[in-house]
Amino acid sequence: MTNRLVDKKIYLASKSPRRRELLRQVGIDFELLLLRADGPRGADVTEEVLPGEAPLAYVARVALEKAVFAHGLLKRRHLTPRPVLTADTTVTIDGQILGKPANAQEATAMLEQLSGRTHQVLTSIAVCSAGFQEQVTQVSEVRFGVLTPEAIAAYCASSEPYDKAGGYGIQGPAAQFIEHIAGSHSGIMGLPLYETAQLLRQAGLPLP
């Protein structure tokens, strides 16, 4: 059994403001840990899809690689040892991974593909600390109603699609497109809180 930690704070290695909001929602104290490379190594963890990599394998790999990399930063930066939480979210339909659209053309194509259909949102989380390393992936299903060309054009003219996997966020204006969800609302936002709390308890964090 993992020893309980005296320190009740974790490191969140993510730039996502939504993940910060979700942790605050359930009262988990955290400190941000930016995943920038130290020294001449270059980029930290690649988020490129490897050849032939399936969506589930992709999100699991990226989340775990981020956690291992981030935990190594603690030692190199001489930071207080604490559990490190990382996450990665992707949208998939027909076995295809939909990343973050780079422009209005890509965003429009993604929304046209999602219109009137059910897709999957995969969020993988990983926790790494001294003597503990675990990862779990939560899968939710989201069904969009049929979107008109006018609705897609208006949405893509905003800033909403461009920092989100699949070109939308459930917490924003795109909520009006969603007819049905099955799974975890927080997981679709980018951090499944049930699974997150379970992993942090296993790592020894003294959660209720």
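Which residues in helix 4 (residues 149-156) are buried? Select helix 4 and look for Ile152, Tyr155 and Cys156: these are buried. Buried means under 20% relative accessible area, exposed over 50%, and partly exposed in between, with a 1.4 Å probe and protein chains only. Helices (H or I, at least four residues) and strands (E, at least two) are DSSP runs, numbered from the N terminus.

Before moving on, note that this is a predicted model: local features need pLDDT of at least 70, side-chain atom pairs count only at pLDDT 80 or more, and totals for chains, interfaces and linings use all residues. Residues are numbered from 1 along each chain as its sequence is written, and side-chain values use heavy atoms, with hydrogens and water left out.

**Stop 1: helix 4**

Look down the axis of helix 4. Its buried residues fall within an arc of 95°, so they line one face of the helix. The arc is that of the directions from the helix axis to the C-beta atoms. Now colour Glu150 and Ala154. These exposed residues sit on the face turned away from the buried side of helix 4. Next, show helix 3 (104-114), because the buried residues of helix 4 pack against it. Contact means heavy atoms within 4.5 Å.

**Stop 2: helix 3**

Stay on helix 3 and select Ala107, Met110, Leu111 and Leu114, which are buried. Seen down the axis of helix 3, its buried residues fall within an arc of 95°, so they line one face of the helix. Gln105 and Glu112 are exposed on the other side of helix 3. Turn on the partners of the buried residues of helix 3: strand 3, strand 4, strand 5 (118-129), strand 6 (132-144) and helix 4.

**Stop 3: Ile97 in strand 4**

Pick Ile97, which lies in strand 4. Ile97 is partly exposed, with a relative accessible area of 22%. Leaving aside neighbours within four places in sequence, Ile97 is in contact with Val49, Glu53, Pro55, Tyr58, Thr90, Val91 and Thr92. Draw a C-alpha to C-alpha distance from Ile97 to Ala54. The two are 43 residues apart in sequence and 8.3 Å apart in space.

**Stop 4: two positive phi angles**

Most residues other than glycine have a negative phi. Go to Asp94, in the loop between strand 3 and strand 4 (96-98). Its phi is near 55°, a positive value in a residue other than glycine. Asp94 is exposed, with a relative accessible area of 58%. Then select His78, in the loop between helix 2 and strand 3. His78 has a positive phi of about 60° although it is not a glycine. At 71% relative accessibility, His78 counts as exposed.

**Stop 5: Arg61 and Val45**

Is Arg61, in helix 2, buried or exposed? Arg61 counts as buried, at 16% relative accessibility. Show what it touches, not counting residues up to four places away in sequence: Thr46, Glu48, Leu50 and Glu53.

Move to Val45, in the loop between strand 2 (29-32) and helix 2 (55-76). Val45 is buried, with a relative accessible area of 11%. Beyond four places in sequence, Val45 is in contact with Val62, Glu65, Lys66 and Phe69. For a longer line across the view, join the C-alpha atoms of Val45 and Phe132. These residues are 87 apart along the chain, and their C-alpha atoms are separated by 20 Å.

**Stop 6: the largest pocket**

Rolling a probe the size of a water molecule over the atoms shows where empty space is left. On a 1 Å grid over the protein atoms alone, using a 1.4 Å probe, a pocket is an open set of points with protein on both sides within 12 Å along at least five of seven lines; lining residues have an atom within 4 Å of a point.

The largest pocket has a volume of about 870 Å³, taken as the space filled by probe spheres set on the points, which are joined across faces, edges and corners. Its lining has 36 residues. Select Arg19, Glu47, Lys66, Asp88 and Lys100, which lie nearest its centre. Helix 1 (17-25), helix 2, strand 3 (84-93) and helix 5 (185-189) each supply at least two lining residues. Strand 3 gives the most, with 5 residues.

Colour the lining of the largest pocket by class: 17 nonpolar, 8 polar and 11 charged residues. Ala, Val, Leu, Ile, Met, Phe, Trp, Tyr, Cys and Pro count as nonpolar, Asp, Glu, Lys and Arg as charged, and the others, Gly among them, as polar.

**Stop 7: cysteines**

Finish with Cys128 and Cys156. Cys128 is buried, with a relative accessible area of 5%. Cys156 counts as buried at 6%. A disulfide is a pair of cysteine sulfur atoms within 2.5 Å; the count here comes to 0.
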